[in-house]
Amino acid sequence: MANPKREQDAAIEQLLAQAARQIADEQAEKIRQRYQDAPEVEFSPAFNRKMEQLIAAQKKHCCLIRWNKVAKRAAMILVVFATALAATLSVKGVRARLYDYFVSRKDAYTEVRISAANGMVAEISQGDYHYEPDYLPAGFRVTGKSEEFDFFYSVEYSDEKAYAAYEEQFNKLIEKYGSQQAIPEEEQITYQGPWILFEEQRSIAGSVVFDTENASYKELEISGSPAYLTIKNGKTMLIWDNGDRSFYLYGNLTESEAVRMANSLVRVEE
């Protein structure tokens, strides 16, 4: 037998959800109109000259272009602008995390901007966990993990044989001079073999610019969200998100290996 009270409550809940969606659409339209014609950020001539020098150095030495880490990685070309959008929603069932993706192609680079849509808030992901690829191309192993500012989590992978040779040479230098700090600058060595970098960021919204000049460029989909892939100078770069956090993959791997790594993410509790 039907329960009139329950049916009435369900009808009210449905009406509230519809009203909330309408409010969200109206707020989203206002936000889009407000920011779609926002002027480009202007930097000082000194800043522009410095960035041109960094870009030139990156192209010369094949440095990394890291996701949203200007202060830590000189090869990055733009500061992230993470914009939190106001939201007034409170009805259960309409707090889905939705994002708008804007891609701008230039002659020398491509910019991807991601912002919260439909009046939702672009939040920082919380929780004592991170994601890691479950698949790793043959011949690679983990050679480093780090977490910075409780916001970035990264894993470095190196070719097993090349890294073993580097470690052997490095240990001989330590044995010769007594400590790592005592090794003369002219004899310092760094790992030069094949490598892969995976990085997780606890925010999806933001802006990143990466080098696509004379590069193979492709837009695809991973975890139901847009993904952006480039191949240049023997290095593959992939940027994507899973609706919770954003990810960056870069290094000596093929397109198929990068996509397979991205699709193999597993959640790791800390």
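In the predicted model, the side chains of E200 and R245 form a salt bridge, with an N to O distance of 2.8 Å. This pair connects distant parts of the chain, since E200 belongs to strand 6 whereas R245 is found in the loop between strand 10 (235-241) and strand 11 (246-251), 45 residues apart. E200 is buried, at 1% relative accessibility, and R245 is likewise buried, with a relative accessible area of 0%. E200 and R245 are further linked with D244 in a network of salt bridges.

In total, 10 salt bridges were counted. One of them joins K145 to E132, where the closest N and O atoms are 3.2 Å apart. K145 lies in strand 4 (residues 140-148) and E132 in strand 3 (residues 129-133), so this salt bridge ties together parts separated by 13 residues in sequence. E132 counts as buried, at 12% relative accessibility.

A salt bridge is also formed by R202 and E147, with 3.8 Å between the closest N and O atoms. R202 is located in the loop between strand 6 (195-201) and strand 7, and E147 in strand 4, 55 residues apart. R202 is buried at 5% relative accessible area, whereas E147, at 38%, is partly exposed.

Strand 7 also takes part in an open sheet of 3 strands, arranged in the order 1-2-7 with antiparallel pairing. Strand 1 (99-105) and strand 7 (206-211) each have a single partner strand and stand at the edges; one side of each therefore has no neighbour in the sheet. Neighbouring strands of this sheet are turned against each other by 15° on average, direction ignored. Strand 1 is joined to strand 2 (residues 109-116) by 7 bridges, and the bridge partner of F102 in strand 2 is R113.

Definitions and conventions:
Residues numbered from 1 in each chain as written. Predicted model: local features only at pLDDT ≥ 70, side-chain atom pairs only at ≥ 80, totals over all residues. Heavy atoms only, no water. Pairing = 2+ DSSP bridges. Helix = DSSP H or I, 4+ residues; strand = E, 2+ residues; numbered from the N terminus. Axes fitted to C-alpha atoms, helices over the stretch in contact; angles between N-to-C directions. Salt bridge = Lys/Arg side-chain N within 4 Å of Asp/Glu carboxyl O. Buried < 20%, exposed > 50% of the residue type's maximum accessible area, 1.4 Å probe, protein only.
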